[in-house]
Number of protein chains: 2
Amino acid sequence: VAHELQPGLRDQLNQSGGGGQFLLEDISTDEIERRRATYEPLTESVRDLIDATIRTEVDEADVAKARALVDEATALLRGKQIDGAYGIRYTSRGESMPWGNPVIGIRNPIAPPLFVNRDETGRYWSDFTLGAAYEGPSAHVHGGVLALMLDHVLGEAASFDGTPSVTGTFEVRYLRTTPLGPLRIEAKTERREANKKYVSGHISDANGVTVEASGVFIIPRWAR
Amino acid sequence: VAHELQPGLRDQLNQSGGGGQFLLEDISTDEIERRRATYEPLTESVRDLIDATIRTEVDEADVAKARALVDEATALLRGKQIDGAYGIRYTSRGESMPWGNPVIGIRNPIAPPLFVNRDETGRYWSDFTLGAAYEGPSAHVHGGVLALMLDHVLGEAASFDGTPSVTGTFEVRYLRTTPLGPLRIEAKTERREANKKYVSGHISDANGVTVEASGVFIIPRWAR
């Protein structure tokens, strides 16, 4: 089947740097919207359930009832399912659907999710909120969760020029603990040298930056 | 109320480095086991639901039914709940209950969870398995998720001598992509200099190390 793909995407599909598979789905924009409308509200409900599961103090009887409802929902959903993980899906027009992603995936209940914006200067940013599911120190975000968010958004910022890249090294500097609640993340590629991109970023709360990160992202051999 | 606490714990309770609160619960070992038996199976069911939510291909009608069941479970669980996040809880005997933690928490559906072991040489390790919820590159673990796991286990390894510490800097080096499936994580404190501990670790699959990490952990001023 011949598809009209954006430049470079076919190579990317055929030569996944990770050894995984890219899935090409020949679906319309309307079908994408239909799927989003179907699955996104379910994901949001499961996120709410995750929070309730951590915080509940109800007794054994109610916990058992809730668990039976959850198991019933799971059995329904498993009636027809993908074999394996969600994968990286593209439409035939080259639209990416990273819906299973643990940071930005609209179908992954683990993702807050972040909606990452890009401005005209190549700066990537997102306003997001973290609750009980992301707690490390009491009432504060787990340091590793901050690293997860930074790794992802720095990776997006590394792709600013359209060339693919994979994380080589990644460093995080914790300035102070980060409270649960509303946060902002920002990242930008500082410079590109040959096949390396140097990206930096940070997370801040209302009182300023709490954690900084920098990463070296490498353009894989097949994409050079 | 006077409690018998292990050395240093009272200071830790009173002077949380993160500015958060430590909760002291005067409960028996039997009560801890009762709570574990009540809430751990619910968490496991929600983990299964998360996987099904990502992978399901059932139609709108079944998704709507599943969502209604999930919302009903959430409403039941919210009938009585903690105000805010789970927090860092200790029993009066100084047992820690990090049950809300996103890496090791037995009440947090986001956690795989890791069960971290320690051997007689101060090496910390865990065998664990990651599925669809942790996917970045197709069929492989999200790089940031690996950073999350490493940050946590390096932090545990930094506490080998009983002194508290917080992450100062943390660096991850990706050698190759890490497949979803069974993995091992290891970490050890290499040396301590004054108020700094130098910790290193890695994650490996059946074919060897895929990602290395090193971190500098700092003993907070109040604990020196």
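Which residue stands opposite Ile185(B) in strand 8 of chain B? The legends below take you there by way of the strands around it, and then on to the place where the two chains meet. Please keep in mind that this is a predicted model.

**View 1. Strands 7 and 8 of chain B pair in the antiparallel sense.** Here is the reply to the opening question: Ile203(B) is the residue of strand 8 that stands opposite Ile185(B). Strand 7 covers residues 181-193 of chain B and strand 8 covers residues 196-205, with nine bridges between them. These two strands of chain B form a hairpin, and two residues lie between them. Look for Ala194(B) in the turn, where phi is positive at about 50°.

**View 2. Strand 8 of chain B also runs antiparallel to strand 9.** Strand 9 of chain B spans residues 208-218, and 10 bridges join it to strand 8. To find your bearings, start from Gly201(B), which has Ala213(B) of strand 9 opposite it. Strands 8 and 9 of chain B form a hairpin as well, with two residues between them.

**View 3. In chain A, strand 5 is joined to strand 7.** The two strands, residues 124-130 and residues 181-193 of chain A, run antiparallel and are linked by seven bridges. A handy pair to pick out is Leu130(A) and Gly181(A), which stand opposite each other.

**View 4. Strand 6 of chain A pairs with strand 6 of chain B.** In chain A this strand is residues 166-174, and the antiparallel pairing across the two chains runs over five bridges. Try locating Thr169(A), whose bridge partner in strand 6 of chain B is Arg173(B).

**View 5. An open sheet of 12 strands takes in both chains.** Its order is 4(A)-5(A)-7(A)-8(A)-9(A)-6(A)-6(B)-9(B)-8(B)-7(B)-5(B)-4(B), and the pairing is antiparallel. At the edges you will find strand 4 (117-118) of chain A and strand 4 (117-118) of chain B, each of which pairs on one side only.

**View 6. A rotation of 180° superposes chain B on chain A.** The shift along the axis is 0.0 Å and the RMSD is 0.0 Å. That is why the relation is described as a two-fold axis. The same surface serves both copies, since 100% of the contact residues of chain B recur in chain A. To find the axis from the chain B side, look for Glu171(B): its C-alpha lies 2.1 Å away, the closest approach of any residue of chain B.

**View 7. Chain A and chain B each bring 82 residues to the contact.** About 7,600 Å² is buried between the two chains, with 61% of that area coming from carbon and sulfur atoms. The interface holds six salt bridges. One of them links Asp48(B) to Arg78(A), with the closest N and O atoms 2.6 Å apart. Between the chains there are also 44 residue pairs in polar contact. On the chain B side, helix 2 (29-55), helix 3 (60-77), helix 4 (143-158) and strand 6 (166-174) each supply at least two residues that touch chain A. Helix 2 of chain B gives the most, with 16 residues. By residue type, the side of chain B that touches chain A divides into 35 nonpolar, 28 polar and 19 charged.

Conventions. Residues numbered from 1 in each chain as written. Chains lettered and ligands numbered in written order. Predicted model: local features only at pLDDT ≥ 70, side-chain atom pairs only at ≥ 80, totals over all residues. Heavy atoms only, no water. Contact = heavy atoms within 4.5 Å. Buried area = accessible area lost by both parts, 1.4 Å probe. Salt bridge = Lys/Arg side-chain N within 4 Å of Asp/Glu carboxyl O. Polar contact = N/O pair within 3.5 Å; in protein donor to acceptor, adjacent residues only side chain to side chain. Helix = DSSP H or I, 4+ residues; strand = E, 2+ residues; numbered from the N terminus. Nonpolar A, V, L, I, M, F, W, Y, C, P; charged D, E, K, R; others polar. Pairing = 2+ DSSP bridges. Least-squares fit on C-alpha atoms with pLDDT ≥ 70 in both.
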